[in-house]
Amino acid sequence: MIDINSIRQEYIDLINKNIEGNRRGALDIKDNLEHSPLYYKNRFASYTVQIPHIYSKREIDSFEEIVKVAYNIFDKIIREYMACEDYRALFKFSKELEELILAPCGYDLTIPITRFDIFYHEDTGKFYFCEINTDGTSGMNEDRIQDELNIDNLAHQEMIKRYNFNTFELFDSWVDTFSRIYNTYDNRVDNPNVAIVDFLDNTTLRELQEFARRFQKAGFNCEICDVRELRYEGGKLYSATGHAIDAIYRRAVTVDIMEHYDEVTDFISAIKDNAVFMAGSFKTQIIHHKILFHILHLPRTKQFLSSEEIRFIMEHVPSTVPLNEHFIDQELIINNKDSYIIKPNDDYGSSGVFAGVEQSQEEWERNVRAVYGGDFICQTYVEQFESLNIDFAFGDGKWHNYINMAGLYVYGGKFAGVFSRQALSGGIIASHRNERTQATYIVTERAN
């Protein structure tokens, strides 16, 4: 039976036996990162550490069960929202956004693609949800390239002589899922033209390019389009190059679409008319929005969930309330800073998130007072799993404890892989500040 703690210790021992060799390898990786798709607009889009993230079959089985239960809950949430006006009112979405959510999408699957970000304790199996990503779910290219660059990681090269390491394939598997969902679409056509759609001045373009290559490899005509440049004429949606679009892989997050609403009217009209297939539809915003974590705990939600699903929420979704006087006292938050984390209701990339454990009392009080009563949630801060790692390329080259986050990719309702991230212990993992990404592997004993 594989013990991931023992395997992690083998990495540590190998690195300690050859510090300088591993340091040189890490600097080679950094140099290769700078010449890879993960270096974009003159900056690193991804940083890494020396020990990749390792899972055994035990953890993967656990992830599959987490995805199964959580997906069923979120599917029920979306269907209740679509069916019941009183439930829709709990989310307080704008009239414009609600119209987009309620628009017909032409297929039944509620959540084509998502990533459940969880704090998973590898020693006990305990876990807590951090957030749900649907719109713009990303990170696939980071996992792929970090794996490729580990050719210069001396410790890892020794470990692959001792064990079997397998990665998750996250590109072709999504194209296959996309195709299967499209084949259930009411207005499907043979040989559809596919567009990957986003705001191209604010996207992970190299990742979109990799997905476009995979769609093309699978036989689709595929192009990457800025959502603002789409044109809707005669019941068809067209790209800026004049090609009719039959199917969309949406990477444009809903908050950006709503902020640029008047610039994307052709796109919105096509969606409202169900003139084009889109994965995913705006229904996914129901679980993407962070107010979901508050609504999950409400008696109204418990009305349509099973007792097992209610217990799952109580055990694994941190207590969450809107950050205002109707739900939680400002002074209570200020006086118990290590117990809480504050998040904007609808943003991404850890923007606007701050936790009491990483701030002084003065900073915490100032920040809480600044956003109290605004469009934020207050959430119970949960303990995070820590593991030892070392960063030669971007850090100080010394051993530190790192907090961990596992992002569970879900394609078509099924577990598809993991996006692994770490940060120095003592706070939160923020993509714009302290995040380190890791290649993720499933390890098994090497056959004799």
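Begin by selecting Tyr232, which stands opposite Leu237 in strand 10, and keep in mind throughout the tour that the model on the screen is a predicted one. With that pair in view, extend the selection to strand 10, residues 236–238, and to strand 9, and you will find that the two run antiparallel and are joined by 3 bridges. They belong to an open sheet of 3 strands, which follow one another in the order 9-10-11 with antiparallel pairing. The edges of this sheet are strand 9 (231–233) and strand 11 (244–245), each of which pairs on one side only. Before leaving, add residues 265–272 to the selection: this is helix 11, which packs on the sheet and touches strand 9 and strand 10. The direction of helix 11 makes about 50° with that of strand 9.

Next, select helix 8 (residues 172–182) together with helix 9 (residues 205–217). In general, a pair of packed helices is described by two values, the angle between their axes and the distance between the axes. For helix 8 and helix 9 the angle is about 60°, and the axes are 9 Å apart. Is the relation between them parallel, perpendicular or oblique? Roughly perpendicular would call for an angle of 65 to 115 degrees, and roughly parallel for one under 35 degrees, and with the angle at about 60° the two helices are therefore oblique to each other. If you turn the view so that one helix lies in front of the other, the crossing is right-handed. To see which residues make the contact, show the side chains of Asp172, Trp174, Val175 and Phe178 on helix 8, and those of Phe211, Arg214, Phe215 and Lys217 on helix 9.

Stay for a moment with Lys217, whose place is in helix 9. Is Lys217 buried or exposed? Its relative accessibility is 59%, and because a residue counts as exposed over 50%, Lys217 falls in the exposed class. A distance drawn from Lys217 to Val175, C-alpha to C-alpha, comes to 9.7 Å, although the two are 42 residues apart in sequence.

Now keep helix 9 selected and add helix 6, residues 140–149. The axes of these two helices come within 9 Å and cross at roughly 85°, which makes helix 6 roughly perpendicular to helix 9. On the helix 6 side the residues to display are Met140, Asn141, Glu142 and Arg144, and they meet Arg206, Glu207, Glu210, Phe211 and Arg214 of helix 9. Phe211 and Arg214 also appear among the residues of helix 9 that make the contact with helix 8.

From here, move to strand 7, residues 193–198, where 5 of the 6 residues are buried, so that the strand is largely enclosed by the rest of the structure. Its partner is strand 8 (residues 221–226), and the two pair in the parallel sense over 6 bridges. A convenient pair to label is Val194 and Cys222, since Val194 stands opposite Cys222 in strand 8.

The next stop is strand 15, residues 340–344, which is mostly covered, with 5 of its 5 residues buried. Looking along the strand, you can see Tyr340, Ile342 and Pro344 pointing one way, while Ile341 and Lys343 point the other way. Select Ile341 and look for what stands opposite: Gln379 in strand 17 and Ala355 in strand 16. Strand 15 pairs with strand 17 (residues 376–380) in the antiparallel sense over 5 bridges, and with strand 16 (residues 354–355), likewise antiparallel, over 2 bridges.

Another open sheet of 3 strands can be found by selecting strands 3, 22 and 6, which lie in that order and have mixed pairing. Strand 3 (53–55) and strand 6 (163–166) are the edge strands, each pairing on one side only. Neighbouring strands of this sheet are turned by 40° against each other on average, direction ignored. Strand 3 pairs with strand 22 (residues 440–445) in the parallel sense over 3 bridges, and Ile54 can be seen opposite Tyr441 in strand 22.

Finish at helix 15, residues 307–316, whose buried residues are Glu309, Phe312, Ile313 and His316. They cover an arc of only 95° around the axis, which puts them on the same side of helix 15. To see what covers these buried residues, add helix 3 (57–83) and strand 5 (127–133), which are included among the covering elements.

Conventions
Residues are numbered from 1 along each chain as its sequence is written. This is a predicted model: local features need pLDDT of at least 70, side-chain atom pairs count only at pLDDT 80 or more; totals for chains, interfaces and linings use all residues. Side-chain values use heavy atoms; hydrogens and water are left out. Buried means under 20% relative accessible area, exposed over 50%, partly exposed in between (1.4 Å probe, protein chains only). Helices (H or I, at least four residues) and strands (E, at least two) are DSSP runs, numbered from the N terminus. The arc is that of the directions from the helix axis to the C-beta atoms. Contact means heavy atoms within 4.5 Å. Two strands pair if DSSP finds at least two bridges between them. Axes are lines fitted to C-alpha atoms, for helices over the stretch in contact, and angles run from 0 to 180 degrees between N-to-C directions. Angles under 35 degrees count as roughly parallel, over 145 as roughly antiparallel, 65 to 115 as roughly perpendicular and the rest as oblique. A crossing is left-handed if the near helix is turned anticlockwise from the far one by less than a right angle, and right-handed if clockwise.
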